[in-house]
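Opening the notebook on a new model today. I want to go through it piece by piece and jot down what I find.

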Amino acid sequence: MMEYPSWGLYPKVANQTLLTLEQRNQDLPQTDSSILPRGLGRSYGDSCLNENGTLISNLNLNHMIAFNSDTGILRCEAGVSLNEILQFAVPRGWFLSVSPGTKFVTVGGAIANDVHGKNHGRAGNFGHHTLSFELLRSNGERLLCSRNQNPDYFHATVGGMGLTGFITWAEIQLKKIPSSYIAQEQIQFYNLQEFFELSQESDKNFAYVAGWVDCVNGGNDVRGIIIRGNYSEQRAGDYQVHRSNSAKTIPTYFPDFALNPLSIRAFNLAYYHKNIFKHRANTVHYEPFFYPLDSVNNWNKIYGRRGFLQYQVVVPYATDNGQAIREIMDLVKKSQMGSFLVVLKTFGSIKSEGMMSFPREGVTLALDFANYGPELLKFLDRCDVIVRQAGGAIYPAKDARMSKEGFAQFYPRLNEFEKFIDPKFSSSFWRRVT
């Protein structure tokens, strides 16, 4: 039996059956077990897993339905990937209004996790640009959901982790762009205060802003590189699309010892010092700007068969002046576990519409850790305490171990959300945290 793992390859689960919804006008397959929608499986933890249950794939629902080239409104089936939208839309002068760090996510998955990107301060989440969708319930009922029709189900499904029903199609708003190139700047920062100052300055003039952090070097503070950009006006009219089949592939799992404190320290040093100058500006295609990791297929295999855990948190900057981020980064350095995929950025004041959406105004930090077992789990429990005391939250789409108590505190609309869960739907994540 195939495993159908999450992207983090942890936790390992058994006895999952995969069925496919072949056409959007069909009813859901009948099964005695609980069911959960499944897209491309890019959630990191167990929100895309259903141990002893059934996964229902949306990947056959991969058709464009309608597109208005004047307004940029696209209607497509829920199994269409963001990559397929880009291949279709970019040559026509349109782009995703919001995109996460990988384009290998289905539209259904993007809605269910209410994904965010580098432009949260200006554009909010994916859900803000979702106009409507059809929700297929296990009893055969089909709900047209929008802000005007079945609005409660709309707000429960956006960020609802696939638990309210099966999205068959969706209508989303795309963004008009002058070209497929980004005029980007990369600026080194030497401490967390400088990061906050650069972020505030960047938000005024740049649509897309994010920071990479060196989590093991740099003394007692946090250093890294701010990456910011706008669509290039100088390349106006150039809508070149790079084909994803040019990506390199990692064919097999790395040995578990490949990622260790020494190799992570070396990578962080090399990446931080790759720029001779503190400030560099150039023009790049959207692929390396938005999707650097997509240039390597199966990059998760770098962590070996034991897998890895991603830990993404958001804390309100206004309440502690970034102190929670400092404390977490200090714990990372002292633990010597290290992480070479560390992203630091700010969320703006645009309020999430989903009942269970993760983004909220503040600072968000995402770290990847090789699966060191109980030692790592204890370490992340300590980080949870910091997040809870700061009034922050952990991202369910990237979680594999948060507690029931933590989940209830991080998501105060939990009781309201539960009313809209389809009684046939469940996930390993949901059972763990409730």
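**Helix 9 against helix 10**

I looked at how this pair is oriented: helix 9 and helix 10 run roughly antiparallel to each other. Worth keeping in mind for every entry here that I'm working with a predicted model. The angle behind that label is a crossing of roughly 165° between the axes of helix 9 (residues 323-335) and helix 10 (residues 374-389). Anything over 145 degrees counts as roughly antiparallel, so the label follows. The two axes come within 9 Å, and the crossing is right-handed.

Next I asked which residues make the contact between helix 9 and helix 10. From helix 9 I get A324, E327, I328, L331, V332 and S335. Helix 10 brings in F379, R382, C383, I386 and V387. Sorted by class, I have eight nonpolar residues, one polar and two charged in this contact. The spacing made me recall a bit of helix geometry: an α-helix has 3.6 residues a turn, so residues three or four places apart point the same way.

**The cores**

Which residues touch the most other members of the largest nonpolar core? I found I85, F95 and F407 at the top, in a core of 109 residues. I picked I85 to follow up. Skipping neighbours within four places in sequence, I85 is in contact with M64, L74, C76, V80, V90, L96, V107, I172 and L174. There is also a second, separate core of 10 residues, and W7, Y303, F340 and A370 are among its members. As background, nonpolar side chains tend to be buried together in soluble globular proteins.

**Helix 1**

How many of the residues of helix 1 are buried? I count seven of eight over residues 82-89, so I'm noting this helix as mostly covered, with buried meaning under 20% relative accessible area. The buried ones are L82, N83, I85, L86, Q87, F88 and A89. That puts I85, the residue from the core entry, in helix 1.

Then I checked what those buried residues pack against. On the strand side I have strand 4 (64-68), strand 5 (73-77), strand 6 (94-96) and strand 9 (166-176). On the helix side I have helix 2 (107-112) and helix 7 (286-290).

**L74**

I moved on to L74, one of the contacts of I85. L74 is found in strand 5, and its relative accessible area is 0%, so it is buried. Leaving out residues up to four places away in sequence, L74 touches M64, A66, F67, I85, F88, A170, E171, I172 and L174. Two of the buried residues of helix 1, I85 and F88, are in that list. I also took a C-alpha distance from L74 to another helix 1 residue, A89: 9.2 Å in space, with their positions 15 residues apart in sequence.

**The segment before strand 1**

I went through the backbone oddities ahead of strand 1 (17-20). Y4 lies in this segment and has a phi near 50°, positive although the residue is not glycine. Is Y4 buried or exposed? It comes out buried, at 18% relative accessible area.

L9 also lies before strand 1, and its phi is near 65°, again positive in a residue other than glycine. L9 is buried, with a relative accessible area of 4%. Not counting residues up to four places away in sequence, L9 touches Y253, N300, G304, R306 and G307. For a distance check I paired L9 with C76: the C-alpha atoms are 30 Å apart, and the two are 67 residues apart along the chain.

A cis peptide bond joins Y10 and P11, with omega about 0°. P11 is found in the segment before strand 1 as well.

**Two last look-ups**

T283 sits in strand 14 (residues 279-285) and counts as partly exposed at 37% relative accessibility. T283 touches Y181, I182, A183, S232 and R235, with residues up to four places away in sequence left out. From T283 to V385 I get 42 Å between C-alpha atoms, for 102 residues along the chain.

Where does P412 lie? I found P412 in the loop between helix 11 (404-410) and helix 12 (414-418). P412 is exposed, with a relative accessible area of 69%. P412 and W430 are 18 residues apart in sequence, and their C-alpha atoms are 15 Å apart in space.

Definitions and conventions: Residues numbered from 1 in each chain as written. Predicted model: local features only at pLDDT ≥ 70, side-chain atom pairs only at ≥ 80, totals over all residues. Heavy atoms only, no water. Core = buried A, V, L, I, M, F, W, Y, C linked by side-chain atoms within 4.5 Å. Buried < 20%, exposed > 50% of the residue type's maximum accessible area, 1.4 Å probe, protein only. Contact = heavy atoms within 4.5 Å. Axes fitted to C-alpha atoms, helices over the stretch in contact; angles between N-to-C directions. Helix = DSSP H or I, 4+ residues; strand = E, 2+ residues; numbered from the N terminus. Parallel < 35°, antiparallel > 145°, perpendicular 65-115°, else oblique. Left-handed = near helix turned anticlockwise from the far one by under 90°. Nonpolar A, V, L, I, M, F, W, Y, C, P; charged D, E, K, R; others polar.
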